[in-house]
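Thanks for coming, everyone. I'll walk through one structure today. Have it open while I talk.

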Amino acid sequence: MSVMQTDGPTTVAGATVVEARALHRLVVGIVRDVVRVGTDDVSVQLADRRGDLQVSVVVPVVRGRQGDDTVSGRADAVRDAVVGGLRDLAARRVGAVDVRFHGVRRELQRRVT
């Protein structure tokens, strides 16, 4: 156990544990926000790869987006978001992110009234 000085007035000993289920839900949320689909359309698997996380993601291709980004560009955006999100929010190092596209979804156009 280690003691870490915080910005607050007191120092408290303790440990922070992020369970596998929390990491899984975190990655699902990150991917959902990037791809703009529901959580039911996102599949994530986590594995240990020599101390780093290996993340496998399966999502649909979303049609009807603004801009004409490529599928490989979308995969890069997912990778960047997963690596950055796990680093910033869970202090985890990601060794690999595999992105697989399965199926197609049409992005719904919403009207603002």
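**Two loops, one core, a few charged pairs**

Let me start in a loop. Arg-50 sits in the loop between E1 and E2. This is a predicted model, so keep that in mind throughout. The phi of Arg-50 is positive, about 55°, although the residue is not a glycine. Most residues other than glycine have a negative phi. Is Arg-50 buried or exposed? Exposed, with a relative accessible area of 80%.

There is another such case. Arg-36 has a phi near 65°, again positive and again not a glycine. Arg-36 comes just after H1, in the loop between H1 and E1. Arg-36 is exposed too, at 58% relative accessible area.

Now the confidence. Mean pLDDT for the protein chain is 86. Of its residues, 82% reach 70 or more. By element, helix H1, residues 20-35, has the highest confidence, at 95. Strand E3, residues 94-106, has the lowest, at a mean of 92.

Next, the overall layout. The chain has two helices and three strands. What order do they take from the N terminus? α-β-β-α-β. The chain has 113 residues, and 27% of them are buried. Take the contacts between residues at least 6 apart in sequence: 63% of them join residues at least 24 apart. The accessible surface is about 8,400 Å². Carbon and sulfur atoms account for 48% of that surface.

On to H1. This helix has 16 residues. From first C-alpha to last, H1 reaches 22 Å, close to the 22 Å expected at 1.5 Å a residue. Which residues of H1 are buried? Leu-23, Val-27, Val-28, Gly-29, Ile-30, Val-31 and Val-35. And what do they pack against? E1, E2 and H2.

That takes us to the core. The largest nonpolar core has 22 residues. Val-31, Val-55, Val-82 and Leu-86 touch the most other members. Four elements give two or more residues to this core: H1, strand E2 (52-63), helix H2 (71-90) and E3. Which of them gives the most? H1, with six residues.

Look at Leu-86 in particular. Set aside the neighbours within four places in sequence. Leu-86 is then in contact with Leu-23, Leu-26, Val-27 and Ile-30, among others. The list also includes Leu-53 and Val-55. Ala-91, Arg-92 and Val-94 are on it as well.

Val-55 brings us to a strand residue. Gln-45 is in strand E1. Gln-45 and Val-55 are 10 residues apart in sequence. Their C-alpha atoms are 5.9 Å apart in space. Beyond its neighbours within four places in sequence, Gln-45 is in contact with Gln-54, Val-55 and Ser-56. Gln-45 counts as exposed, at 57% relative accessibility. Val-55, by contrast, belongs to the nonpolar core.

Last topic: charges. Side chains of opposite charge can pair when their charged atoms come close. How many salt bridges does a search of the whole structure find? Six. I'll take three.

First up, Arg-105 and Asp-41. Their side chains meet in a salt bridge at 2.9 Å, N to O. Why does this pair deserve a look? Arg-105 lies in strand E3, and Asp-41 in the loop between H1 and strand E1 (43-49), so the pair ties together parts that are 64 residues apart in sequence. Arg-105 is partly exposed, with a relative accessible area of 37%. Asp-41 is partly exposed as well, at 24%.

Then Asp-69 and Arg-74. The closest N and O atoms of this salt bridge are 3.2 Å apart. Which partner is buried? Arg-74, with a relative accessible area of 13%. That is under the 20% cut-off, so Arg-74 counts as buried. Asp-69 is partly exposed, at 36%.

Finally, Asp-88 and Arg-87. Their side chains meet in a salt bridge at 3.1 Å, N to O. Asp-88 is exposed, at 58% relative accessibility.

To recap. The elements run α-β-β-α-β. H1 gives the most residues to the largest nonpolar core. Arg-105 and Asp-41 link E3 to the loop between H1 and E1. And both Arg-36 and Arg-50 have a positive phi. Over to you for discussion.

Note on methods: Residues are numbered from 1 along each chain as its sequence is written. Side-chain values use heavy atoms; hydrogens and water are left out. pLDDT is the predictor's confidence in each residue, from 0 to 100. A salt bridge is a side-chain nitrogen of Lys or Arg within 4 Å of a carboxyl oxygen of Asp or Glu. Buried means under 20% relative accessible area, exposed over 50%, partly exposed in between (1.4 Å probe, protein chains only). Contact means heavy atoms within 4.5 Å. Accessible areas come from the Shrake-Rupley method with a 1.4 Å probe; for residues, only the protein chains shown count as cover. A nonpolar core is a set of buried Ala, Val, Leu, Ile, Met, Phe, Trp, Tyr and Cys residues joined through side-chain atoms within 4.5 Å. The expected span of a helix is 1.5 Å times one less than its number of residues.
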